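Colleague: I have not worked with this structure before. May I put some questions to you about it?

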Amino acid sequence: MLFRYGFRCVILLMFSLLVGCASAILEIDGSDKMLKIDAYDKSVKVKEIPEPVVKELPAESPVASNTASKKSSQIVERKSEKTKYKEKEKAHKPAKKLPALEDSAGFDGRRPITDPFRVGEKTTLKLSYFNIVAGYMTIEVLPFVEVNGKKSYHFQISGKSNSLFSAFYSVDDSGETYMDYETMLPYNMSIHVKETKQLREVRSYFDWKKMTAKFWEKKITKKSGVEEKNLEWKIEPYSQNIFSAAFYLRTFQLEPGKTIEFRVSDNEKNMVVKGHVLRREKLKTELGELNTIVIKPEVAIGGIFQPMGDVFFWLTDDDRKFIVRIESKIKIGTITASISEIKKEE
């Protein structure tokens, strides 16, 4: 279910301590070919957007001095972006935000007036259970790409077991999604699973012209061999997938007492996610004390709310809204993801 990806490796690791299993990542001859999903590759055409090449000049060169001056002015310009955004927000009447259930504060149509994302940003969270560190989760914003000819964000989340827990159960999983820069709508979702007991590849694609989602899955286990799954269903307008949702949440203006709503579609189900903004909180972390906003998510399918248990998110209380803590209370204890490093990329 939504937002649980970051915890799945910890749950598997702790379970393996009880049952015992081999430690190495599963290896199957020819697994790369068996897990290839050709139908997805035909649906999503991704092209890298090349970055401009900057030639290094001698320090004494007047051109180099001029270049350094330009770079300095660019930094000043970036720092003044917040002021410009605020002025723009006051002077400009934003276009209507759709769908109507979504909060429109801080948006100009589908675009957030202040973009919380920076290429190169990376947060690392430590995954633990009963204060035992099991592994790490990273959340990254990768360089922009063109997806089917349109500029898009490239987001990635990954989880990996540490050396201690890998002795019992190894996990090296990752997932990524591309989101259209203008509409903030996702094109795809890819999940890559490499674990002690399974190898798995998952792909999904949202076709916004036909308003359909396609889902492909291939899994290999020693016991069952190759298993495949193909799904197709109708999606609601402006839906996120389960990966893009975690990033999309950061585009909203979060104030205690607010409830943020948006649509999510996954596994043949169309859902509405509600994020209840509970409070502001000063959070003690390895990086020092951080000002945060605490959110409790809730999911509704067909108007009926589904139990998610006690899951809470802490986001930095600023224009970037980094996820710095997640708590999921289970029957015995609490699984936590706590921030250990932030690479902001101003």
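Colleague: What percentage of the area that the protein exposes do carbon and sulfur atoms supply?

Modeller: Please note that this is a predicted model. The protein exposes about 18400 Å². The part of this area that carbon and sulfur atoms supply is 52%.

Colleague: How many helices and strands are there in the protein, and what percentage of its residues count as buried?

Modeller: The protein contains 7 helices and 19 strands. Its residues number 346, and the proportion of them that count as buried is 47%.

Colleague: Is Lys 321 buried or exposed?

Modeller: Lys 321 lies in the loop between strand S17 (311–316) and strand S18 (323–329). Apart from residues up to four places away in sequence, Lys 321 touches Arg 250, Phe 252, Gln 253, Leu 254, Leu 315 and Thr 316. Its relative accessibility is 11%. Because the cut-off for this class is under 20%, Lys 321 counts as buried.

Colleague: What distance separates the C-alpha atoms of Lys 321 and Phe 247?

Modeller: Along the chain, Lys 321 and Phe 247 are 74 residues apart. In space, their C-alpha atoms are separated by 9.5 Å.

Colleague: Is Ile 332 buried or exposed?

Modeller: Ile 332 is located in the loop between S18 and strand S19 (334–343). Together with Phe 130, Ile 132, Leu 164 and Phe 168, Ile 332 makes a nonpolar surface patch of about 500 Å². Its relative accessible area is 57%. Since a value over 50% defines the class, Ile 332 is exposed.

Terms used: Residues numbered from 1 in each chain as written. Predicted model: local features only at pLDDT ≥ 70, side-chain atom pairs only at ≥ 80, totals over all residues. Heavy atoms only, no water. Helix = DSSP H or I, 4+ residues; strand = E, 2+ residues; numbered from the N terminus. Buried < 20%, exposed > 50% of the residue type's maximum accessible area, 1.4 Å probe, protein only. Areas by Shrake-Rupley, 256 points an atom, 1.4 Å probe, with all protein chains shown as cover. Contact = heavy atoms within 4.5 Å. Patch = residues over 30% accessible without salt bridge, like charges linked within 9 Å, V, L, I, M, F, W, Y side chains within 5 Å. Salt bridge = Lys/Arg side-chain N within 4 Å of Asp/Glu carboxyl O.
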